[in-house]
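Q: I have a two-chain model open on my screen and would like to learn how to read it. Could you walk me through it?

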Protein chains: 2
Amino acid sequence: MPDDIETITDGTITTPRGFRAGAVAAGIKKKAKGVPDLAVLAADRSCPAAALFTTNKIKAAPVILSQQRLAGGRAQALVANSGCANACTGAEGMADAVETAALTAGVAGAPPEQVLVASTGVIGERLPMARLRAGMARITLSAEGGHELARAIMTTDTMPKEIAVKSRRGGFTIGGVAKGSGMIHPNMATMLSFLTTDAATDSAFLKAALQKAADLSFNMVSVDGDTSTNDTLLLMASGLAGNEPITADSPLAGAFQEALNRVCIYLARIIARDGEGATRLIEVNVHGAATLDDARKAARTVASSPLVKTAVHGHDPNWGRIMAAVGRSGAEVREDRIDLSLGGIPVVSYGRPLSFDRKAAAKALEEEEVVITVNLGLGSGAATAWGCDLSKDYVAINAEYTT
Amino acid sequence: MPDDIETITDGTITTPRGFRAGAVAAGIKKKAKGVPDLAVLAADRSCPAAALFTTNKIKAAPVILSQQRLAGGRAQALVANSGCANACTGAEGMADAVETAALTAGVAGAPPEQVLVASTGVIGERLPMARLRAGMARITLSAEGGHELARAIMTTDTMPKEIAVKSRRGGFTIGGVAKGSGMIHPNMATMLSFLTTDAATDSAFLKAALQKAADLSFNMVSVDGDTSTNDTLLLMASGLAGNEPITADSPLAGAFQEALNRVCIYLARIIARDGEGATRLIEVNVHGAATLDDARKAARTVASSPLVKTAVHGHDPNWGRIMAAVGRSGAEVREDRIDLSLGGIPVVSYGRPLSFDRKAAAKALEEEEVVITVNLGLGSGAATAWGCDLSKDYVAINAEYTT
């Protein structure tokens, strides 16, 4: 069976029909003048929409505002900025978010209450509203503007993260952008990710599909175990693809879920790969777990272990650290049932070390993508998690961020 | 009221009456020839004893053996080695642990089943038994040997960790040694710590007192979030102090607990300070939590956050990361109730940033001990946790460990 899902060259968030975007360098990023830091995404009309937000109990003003505005399941536009998280800024921060949305309404031609807000950057500082107002006046929207938006939400990211795919069977397109880098951990790990589709559907279906896709992708990524105050994952559907509206029972529900998973997993992997200071992607495949939940726990614990991450960084096939991480993950574990392999090289069988070619294993850890496979030998639970190596650059990047 | 507890100059695990120890360089540490790596602690006779072990489901052979042997609440000797964890070594590893204990019985003049075993080092490698046997034959025990033992259990530790205190009121002494450095995280964080006392008491009281002390000390320490397969905290009581045997209801129970807490907190702090690559100690004091459990969660989450640790390393008063850590800790939190201070400088009040002298705050983060104080403003729960900064040296140390 040929793959139903086609990746669109140069695809982004404005690839699906009915969306425009644009960005400017408003000067919110104090240390990076001329770098885009303010962006708007606009749909031609009000869309069914769904979102997932940070589980952190300290929520930034834009998160609180967007949660309120999405209660009705619809949105028409989004404004996003980097350089300032607008978190821990109290009533003034909320007023700034509301004003930002109101200014965006003018640019997007949307009702203010249909505008969502997302911010990322330093916590505890107010948005520079004068610069933001001046910047907003210069934003123009276009059907190619997704690329600009993808750049404008970057912080310590080294590359924009964007994709679009088409479902041949469904005739619809899904696009997505994301920013990651630090404060990335399972439970709405994305920091920011915005997705669009031209599929016709409703917000209830979008919400369920988004949760499923996030559980397979963004919620299986860890960079450093820290959860942000601003994490937002948003999906808007313009309905312009002309398909029969998709609900949970529709023939196209599976095709939509599959395409959405593809987009989210692509973005999640690239977030892990581009984690602060990372030099390579770590993919952890756990199978044979007693339950799905156990598989998820074990995969995420291995992918986020500092000792596993540093060992991969140093090309050190120190599999004992993987065993130790599996053992503390909370998953049901029997030491004498565990098989491990590193980059395809079996290193542990039934809990016991195999004699293996350490040079070949070290070599496997030098690859751009390092695959760790764990068979717990207990059941049929399987899950995949992604992380990155831990380098001195992670420390360098984070030791001097605000000062 | 004068302090009942006196710190004994040069005190160690053989300071309490009735204990001898000794160590040799047996060659278990392959890369550090001539460095002590095998040590024995012996009591003059069988002692009431209690221990806490790793919660990791992958347990090293010496942990499993010591757990079995301590079921009766008594022990007379301990053998400890560094350089090899004897973990993931199956039936052969268990046989090695049993033989090591048998050899120790000869050195210590103790029944083999009264000998406990503790190992630390690389996971997945067998103990070099020929070298261990030869080394064991050279061990001599003395009442000053605690210092040798403290050195012999070091791995990446930069200094031995030892202390002894005397309770003036109780007339008894408690000594302790520990090794820490990496794979250090709450829930039996110590890797290895051995405590002795000459107080007369029983194993039930020792067990309860040890759990209380660990909850205030070793279980509030984090270096990197990884839990070892070998963590062991052991307490043996020779009974030679001549006191009325202490039970939970004894007049001296409080004095014993206080002295034990003092020893454990001292060792826990120094483990944090000497965490791999650490340049300073971070102490996190949380008060005003809704519950004690909330206070413990919040304190440990802040102390173990990579972003807080890197900020301290860079002398960066980036308090937003502390807010974010508190918010994801699982503790009940209301943003507008939180007060924060860094090194005594208030930076947040009722959840809002204060304007503070950033240079003074940066200066406070350069101190040998950095104190972070969080008032959650909700109740009377209070707890203290310890951690260390995250430096490039942590990465360097851990990127090349086995190879």
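A: Gladly! Let's start with what counts as touching: two residues are in contact if their C-beta atoms, placed from the backbone, lie within 7 Å. Keep in mind that this is a predicted model.

Q: How many residues does each chain bring to the contact?
A: Chain B brings 51 residues and chain A brings 51 residues. On the side of chain B that touches chain A, the elements giving two or more residues are α8 (306-313), α9 (320-328), β13 (352-353) and α11 (392-399) of chain B. The most comes from α9(B), with seven residues. By class, this side of chain B has 22 nonpolar, 20 polar and nine charged residues.

Q: Why do the copies meet through the same surface?
A: Of the interface residues of chain B, 100% are also interface residues in chain A, so the copies share that surface.

Q: And how are the copies related?
A: In general, a rotation about an axis and a shift along it relate two copies of a chain. Here, a turn of 180° and a shift of 0.0 Å along the axis lay chain B on chain A with an RMSD of 0.0 Å. The two copies are therefore related as by a two-fold rotation axis. In chain B, Lys392(B) has the C-alpha nearest the axis, 2.3 Å from it.

Q: What is the strand order in the open sheet of chain A?
A: Strands of a sheet pair through backbone hydrogen bonds, either parallel or antiparallel. This sheet has six strands in the order β13-β12-β11-β14-β10-β15 (chain A), with mixed pairing. Its edge strands are β13 (352-353) and β15 (381-388) of chain A. Seven bridges join β10 (residues 281-289) of chain A to β15(A), and these strands run antiparallel.

How values were computed: Residues numbered from 1 in each chain as written. Chains lettered and ligands numbered in written order. Predicted model: local features only at pLDDT ≥ 70, side-chain atom pairs only at ≥ 80, totals over all residues. Helix = DSSP H or I, 4+ residues; strand = E, 2+ residues; numbered from the N terminus. Nonpolar A, V, L, I, M, F, W, Y, C, P; charged D, E, K, R; others polar. Least-squares fit on C-alpha atoms with pLDDT ≥ 70 in both. Pairing = 2+ DSSP bridges.
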